[in-house]
Amino acid sequence: MNLLAYIRKRLLMLVLVLLGLSIITFTMINLTPVDPVILWGGEKASPEVLEKVRQDYGLDQPVVVQYFHYMANIFQGNFGVSLSTKHEVAADIATYFPATLELVLVAWVFALLVGVPLGILSAVKSNSIFDGLTRVVSLGGISMPLFWLGLLLQMLLFKQLGWLPLQGRLDDMVAILNPIEKHTGLYLIDSLITGNYIAFGDALKHIIMPALTLSVSGIATIMRMTRSCMLEILSKDYMVMAKTYGLSKRKVFFQYGLKNALVPIITIVSMSMCSNLMGSVVVESIFDWPGIGRYATRCILNADYSPVMAVVLMMGAIYVVINLVVDILYFMIDKRIAYDSQE
């Protein structure tokens, strides 16, 4: 099976995964003890009003009929209307998702730029004091809860040192005096390409603390995996032979060592991005970040289920697409990888 056939197969799997995910999510939502009609109509609403709400939103029909009706609307590009915001769900996602995407990308860049070099240095200086310190730090980073770390950073960097703002995405006065002209929805990019450097600096200060909180676990995981992969590669016979031939340490390390360790490193780096998507729900709540995680949390508390379904399906699609991109990178890095019929 060639690469194109493999991509087609994975795209078909994407449809099946999203279908299964939609069934599971829809079933779990309907098993919750909360009656959304009462929340939407109000506790003091008359039975006639509640029945009218049920009829308007199709909640008087069997669950199976509700599911097929919902999926039919999705295939038409209609994700429903959020009863929390009174807007179309698709419009809400388009509004909130860029904030989450920017936060996840910045955290991922932090994890990549810190985790990979530290993991490589730890492998090169194996069993040294530096190696011991990085291993202890990585273990602490993996074990540390996000909510605790976020609150700790707020106390240190905001309350004690006053270096960074407490929460939000942009200062209110900056938003009024130097509004960002939106093109991509990513404040750092939009402010930079329009030359709005005041807003860029303020947006950068606001994103550092939540991105750092989100990236700590990824840094620790990437560091440990990179160290493990590099130690395994450095002990191979061909690496020892390359050194005996008199090749420079730099050439042996980067041309023969790091290249062969890239496949598992790419795997853990991609999983770090997926982990950031999950962790963003907690981080956005702590730092009042106006992203898709906080939006979904508010909808869950309000029993607003259409946005919850849409967010779950979107996250599932992102996971599958990231895994597909990683598989393509495998093929580009190592031509020996073949996608046979057993995949």
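Colleague: How many disulfides does a search of the whole structure find?

Modeller: Zero. Keep in mind that this is a predicted model.

Colleague: How do you know that Cys 229 is in no disulfide?

Modeller: Look at the nearest cysteine sulfur. That of Cys 274 is 18 Å away. A disulfide needs two cysteine sulfur atoms within 2.5 Å.

Colleague: And what rules out a bond for Cys 274?

Modeller: Its closest cysteine sulfur is in Cys 229, at 18 Å. That is too far, so there is no bond between them.

Colleague: Why is Cys 229 called buried?

Modeller: Buried means under 20% relative accessible area. Cys 229 has 7%, so the word applies.

Colleague: What makes Cys 274 count as buried?

Modeller: Its relative accessible area is 2%. The cut-off is under 20%, so Cys 274 is buried.

Colleague: Now Ser 82. Where does Ser 82 lie?

Modeller: In a loop. Helix H4 (63-75) is on one side of that loop and helix H5 (89-124) on the other.

Colleague: Why is Ser 82 called buried?

Modeller: Its relative accessible area is 0%. Buried requires under 20%, so Ser 82 qualifies.

Colleague: What makes the pairing of Ser 82 and Asp 304 a polar contact?

Modeller: Their side chains are joined at 2.6 Å. The limit for the N or O atoms is within 3.5 Å, so the distance fits. Ser 82 also has a side-chain polar contact with Thr 85, at 3.3 Å.

Colleague: Which residues does Ser 82 touch, leaving out those up to four places away in sequence?

Modeller: Asp 304 is one of them. The others are His 87, Val 89, Asp 92, Tyr 295, Cys 299 and Pro 307.

Definitions and conventions
Residues numbered from 1 in each chain as written. Predicted model: local features only at pLDDT ≥ 70, side-chain atom pairs only at ≥ 80, totals over all residues. Heavy atoms only, no water. Buried < 20%, exposed > 50% of the residue type's maximum accessible area, 1.4 Å probe, protein only. Helix = DSSP H or I, 4+ residues; strand = E, 2+ residues; numbered from the N terminus. Polar contact = N/O pair within 3.5 Å; in protein donor to acceptor, adjacent residues only side chain to side chain. Contact = heavy atoms within 4.5 Å.
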